[in-house]
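This report walks through a few features of one molecular structure for a reader who has not met it before. Please look over the sequence and the structure below before reading on.

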Amino acid sequence: MDCIFCKIINGDIPALKVYEDDLVLAFLDINPDTNGHTLIIPKKHFTDLDDIDLNTLTAINEVSKKLKKLLEEKLGCDGISLLQNNGLVQEVKHYHLHLKPCYKDKNSIETIKHHELISDPKEIYKKLK
């Protein structure tokens, strides 16, 4: 399979992993929209919301709660958006949930427009570990 997320799961492509268990893997986005932008993916390949089973979806949501707390504690974010895309707007065709921290001192729209305001994901990773 030529899926970039499956390659990350298999260890063919490195990732800054912040959580892993038997069903789920979470890692920092290499092209983040904000500091701490994290992706949660199932280890089994599912294309989108129509394809994923409820057990795996529940596992992903449980991990999102854990990571929300981690991001708040370690990065001091003031809120977190959860986003999941399907169909045309889904860049990688492997189900994934985005956790995008928001900060009072940085307008999230401005960080998307001005990526120079976003820290290197490796620096964020150090804070989370």
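Which residues line the largest cavity? In this predicted model, the lining of the largest cavity is made up of L28, D29, P32, T34, N35, G36, H37, I118, S119, P121 and I124. Sorted by class, that lining holds five nonpolar, five polar and one charged residues. The volume of the largest cavity is about 40 Å³, and a search of the whole structure finds one cavity of 30 Å³ or more.

The largest pocket, in turn, contains about 470 Å³ of space. Its lining consists of 22 residues, and those nearest the centre of the pocket are F5, D29, L39, E91 and V92. At least two lining residues come from each of helix 1 (4–9), strand 2 (24–28) and strand 5 (97–102), with helix 1 giving the most, namely three residues.

The table sets the two spaces side by side.

| Space | Volume | Nonpolar lining residues | Polar lining residues | Charged lining residues |
|---|---|---|---|---|
| Largest pocket | about 470 Å³ | 13 residues | five residues | four residues |
| Largest cavity | about 40 Å³ | five residues | five residues | one residue |

Residue D29 is listed both among the residues nearest the centre of the largest pocket and in the lining of the largest cavity.

F5, which is also one of the residues nearest the centre of the pocket, takes part in an aromatic pair, and the count of such pairs comes to one. The ring centres of F5 and F27 are 5.7 Å apart and the ring planes stand at 75 degrees, so the pair is edge-to-face, the cut-off for which is over 60 degrees. Because F5 belongs to helix 1 and F27 to strand 2, the pair ties together parts that are 22 residues apart in sequence.

A further feature is the packing of two helices. Helix 2 (residues 54–75) and helix 4 (residues 121–128) pack at an angle of about 100 degrees, and their axes are 9 Å apart. The two helices are therefore roughly perpendicular to each other, as angles of 65 to 115 degrees count as such. Helix 2 contributes L70, L71, K74 and L75 to the contact, while helix 4 contributes I124, K127 and L128. By class, these contact residues are five nonpolar, no polar and two charged. Of them, I124 also appears in the lining of the largest cavity.

Definitions and conventions: Residues numbered from 1 in each chain as written. Predicted model: local features only at pLDDT ≥ 70, side-chain atom pairs only at ≥ 80, totals over all residues. Heavy atoms only, no water. Axes fitted to C-alpha atoms, helices over the stretch in contact; angles between N-to-C directions. Helix = DSSP H or I, 4+ residues; strand = E, 2+ residues; numbered from the N terminus. Parallel < 35°, antiparallel > 145°, perpendicular 65-115°, else oblique. Contact = heavy atoms within 4.5 Å. Nonpolar A, V, L, I, M, F, W, Y, C, P; charged D, E, K, R; others polar. 1 Å grid on protein atoms, 1.4 Å probe; cavity = no way out; pocket = protein on both sides within 12 Å on 5 of 7 lines; lining within 4 Å. Points joined across faces, edges and corners; volume = space filled by probe spheres on them. Phe/Tyr/Trp six-rings, centres within 6.5 Å; stacked < 30°, edge-to-face > 60°.
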